[in-house]
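Okay, thanks for making room for me this week. Let me put the structure up, and then I'll talk you through a few spots in it.

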Amino acid sequence: MDAEKIVKMSPDVIHEMVESVQIATHGKVVSDKRTSERWPFPGTCELWLPDECYGEQHILATLHNLSNTGLAMRTRRPIPSNTRISLAIHLPHLSAHGRAMVRHCTRAPYGYLVGIEFLFGLDDEED
């Protein structure tokens, strides 16, 4: 992939990612917390954790699903809720980088299911 195809995450970039796979959505969950449809979305997430997180600071995760406002991924280690992270989502035609907030981390049969909310428009200097 060419470096110019690594772009800052935005709502338009996420929409382009979703459109690129054309997979049926999961039905909306009746919940006060979830407002967006989710698409099953295989792929890789690259995460950079802040210094206050114990253990390895750079990890890879398996993308589970994607929505316009966030994603779910599987990791081998827990990430505490309310942790701000940097991340990149890698697809063959496009990679996007940005910031996110961990909203939940649940133990799963193999590792952890981590839900994050995208933080669009934050500059890297805000850390």
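I'll go through the charged groups, a loop, a strand, the rings and the cysteines.

Quick housekeeping: this is a predicted model, so local features need pLDDT of at least 70, side-chain atom pairs count only at pLDDT 80 or more, and totals for chains, interfaces and linings use all residues. Residues are numbered from 1 along each chain as its sequence is written, and side-chain values use heavy atoms, with hydrogens and water left out.

Let's start with charge. Searching the whole structure turns up one salt bridge, meaning a side-chain nitrogen of Lys or Arg within 4 Å of a carboxyl oxygen of Asp or Glu. The partners are Arg 103 and Glu 117, with their closest N and O atoms 2.8 Å apart. Arg 103 sits in strand S6 (residues 95–108) and Glu 117 in strand S7 (residues 111–118), so the bridge ties together parts 14 residues apart in sequence. Strands here are DSSP runs of E, at least two residues, numbered from the N terminus. Arg 103 is partly exposed at 41% relative accessible area, and Glu 117 is partly exposed too, at 33%. For those labels, buried is under 20% relative accessible area, exposed is over 50%, and partly exposed is in between, using a 1.4 Å probe and protein chains only.

Now, which side chain of opposite charge is nearest to Arg 77? That's Glu 56, but it is 6.3 Å away, and Arg 77 is buried with no salt bridge. By the counting used here, Lys and Arg are positive, Asp and Glu negative, and His and the chain ends are not counted. What the Arg 77 side chain does reach is the backbone oxygen of Glu 56, at 2.5 Å. That's a polar contact: N or O atoms within 3.5 Å, where within protein one must be able to donate a hydrogen and the other to accept it, and residues adjacent in sequence count only if both atoms are side-chain atoms.

Arg 77 is in the loop between strand S4 (70–75) and strand S5 (84–90), and there's more to see in that loop. Thr 83 is there as well, buried at 9%, and its side chain reaches the backbone oxygen of Pro 80 at 2.7 Å. Asn 82, in the S4–S5 loop too, is exposed at 57%. It has a positive phi of about 70 degrees although it isn't a glycine. Most residues other than glycine have a negative phi.

Moving on into S5, we get to Ile 89, which is buried at 0%. Its C-alpha is 9.7 Å from that of Ile 14, 75 residues away along the chain. Leaving aside neighbours within four places in sequence, its contacts (heavy atoms within 4.5 Å) include Ile 14, Cys 45 and Phe 118.

That last one brings us to the rings. There's one aromatic pair. Phe 118 and Phe 120 have ring centres 5.5 Å apart and planes at 45 degrees, so the pair is tilted. The rule takes Phe, Tyr and Trp (its six-membered ring) with centres within 6.5 Å; planes under 30 degrees apart are stacked, over 60 edge-to-face, and the rest tilted. Phe 118 is buried at 5%, while Phe 120 is partly exposed at 31%.

Finally, how many disulfides are there? Zero, with a disulfide being a pair of cysteine sulfur atoms within 2.5 Å. Cys 45 is buried at 0%, and Cys 105 is partly exposed at 26%.

How values were computed:
Helix = DSSP H or I, 4+ residues; strand = E, 2+ residues; numbered from the N terminus.
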